[in-house]
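Let's take a look around the metal sites and the main pocket of this protein. Have the model open as you read.

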Amino acid sequence: MNLLALPAFADNYIWMLHDGVRAIVVDPGDAAPVQAALDDADLELAAILVTHRHPDHVGGIDELRPRLRGPVYGPALDPVPQPCQALHDGDRIEVLGLPFQVLHVPGHTLGHIAFAQADGAPAPLLFCGDTLFSGGCGRVFEGTPAQMHLSLSRLAALPADTRVCCAHEYTLSNLRFAQAVEPHSTDLAAYATQCRAHRDAQQPTLPATLATERRINPFLRCTEPAVVAAAQARGATATDTVAVFAALREWKNHF
Ligand SMILES: [Zn+2]
Ligand SMILES: [Zn+2]
C-alpha cells in the first residue's frame, strides 16, 4: 500500500492511499492534484473520505465524482457536499481492504470525524483532518475547549506507532510555539531539527507518529508539570487539564 501526501493550496495535504490499482483520497479540497496523481499512476478512485466541512477539505469533491467508483464517506453532523455516506462515532468502514474506525472528534467543527485504521496492523494510519497536527492542534472554531481536549485525548490513546496524517503542514510553526511552552525539552529540539531538514529538502514532515506527538505536542501534555506551569504563567487559573488546554490554545491563537 502506498501513502502519498499531495500538496494543495498553501499548506494543505490531500492524503492518497493506493495499492497500484485503486486509490482513496482524504479531504480533497482541490480536484487538480488528485486528478494528476490518479493519471500519473493510472489509478481508479475507489472512495473519498471527508473529515469536516471546511472548503479546503471538500472543495474538490464534486469535480472528482465523474471518476469516482465508490462512496464519499463523511461526517453525519457536518454539512458536506451530498451525496455522502454519513458516519457516526464507532462506525466502521472498509476501504482498499483495510478497516477504519470512525471517531467523532468535535472542537474544530462540531461534526469533525477522524478515521483510524483498525485491523491491529503495525503503523496504523490515522486521518485526523484539522484536529491533531504535529506539534499542535486545530483551532477551536465551533466546539468548546473541553470538547477539543477530549477529542485530542481519544486520538492520543491510539497505538503509539500510529501514523498521524494531518491535513496541513503546520509543523515548524507549531514547534516554535511548543518550544515556547517547553523551552528545555531535548526531544523537542531534536524533532525540530529533523523537521527543518525535511522542509529544507521540500519533503513533508508528516506523517508523524503518536509516540513522537506524546513527547513533543504541548496539547497532548496538559498534565506535564512544565506545561501546567507555562499555562499558569499565561493565565490558567486552574490546573485541571481542560483549563491548561484552554490557556495553551488561547496563547497559541495570539502567538
Ligand atoms: Zn478546518
Ligand atoms: Zn484545513
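Start with two histidines: His52 is buried, and His108 is buried too (under 20% relative accessible area counts as buried, over 50% as exposed and in between as partly exposed, with a 1.4 Å probe and protein chains only). A quick word on ground rules: this is a predicted model, where local features need pLDDT of at least 70, side-chain atom pairs count only at pLDDT 80 or more, and totals for chains, interfaces and linings use all residues. Residues are numbered from 1 along each chain as its sequence is written, chains are lettered from A and ligands numbered from 1 in the order in which they are written, and side-chain values use heavy atoms, with hydrogens and water left out.

Both histidines belong to the site of the zinc ion (ligand 1). Here is how that site sits beside the one of ligand 2; donors are N, O and S atoms within 2.8 Å of the metal (3.2 Å for Na, K and Ca), and sites may look incomplete because water is not among the atoms.

| Zinc ion | Protein donors | Distance | Donor angles |
|---|---|---|---|
| ligand 1 | His52 (NE2), His54 (ND1), His108 (NE2), Asp130 (OD) | 2.1 to 2.3 Å | 92 to 168° |
| ligand 2 | Asp56 (OD), His57 (NE2), Asp130 (OD), His168 (NE2) | 2.1 to 2.4 Å | 89 to 160° |

The site of ligand 1 comes out as irregular, and the site of ligand 2 is irregular as well. That label is what's left when four donors are neither tetrahedral (all angles between 85 and 135 degrees) nor square planar, and six are not octahedral (for both of these, opposite donors over 155 degrees apart and all others between 65 and 115).

Along the chain, the donors of ligand 1 are spaced H-x1-H-x53-H-x21-D. His52 is in the loop between β4 (44-49) and α2, while His108 is in the loop between β8 (98-104) and β9 (113-117), 56 residues apart. Helices (H or I, at least four residues) and strands (E, at least two) are DSSP runs numbered from the N terminus.

What bridges the two zinc ions? Asp130 coordinates both, and the ions are 3.5 Å apart. Asp56 lies in helix α2 (residues 55-58) and Asp130 in the loop between β10 (125-129) and β11 (132-133), so this pair ties together parts 74 residues apart in sequence. Asp130 is buried, at 4% relative accessible area, whereas Asp56 is partly exposed, at 22%.
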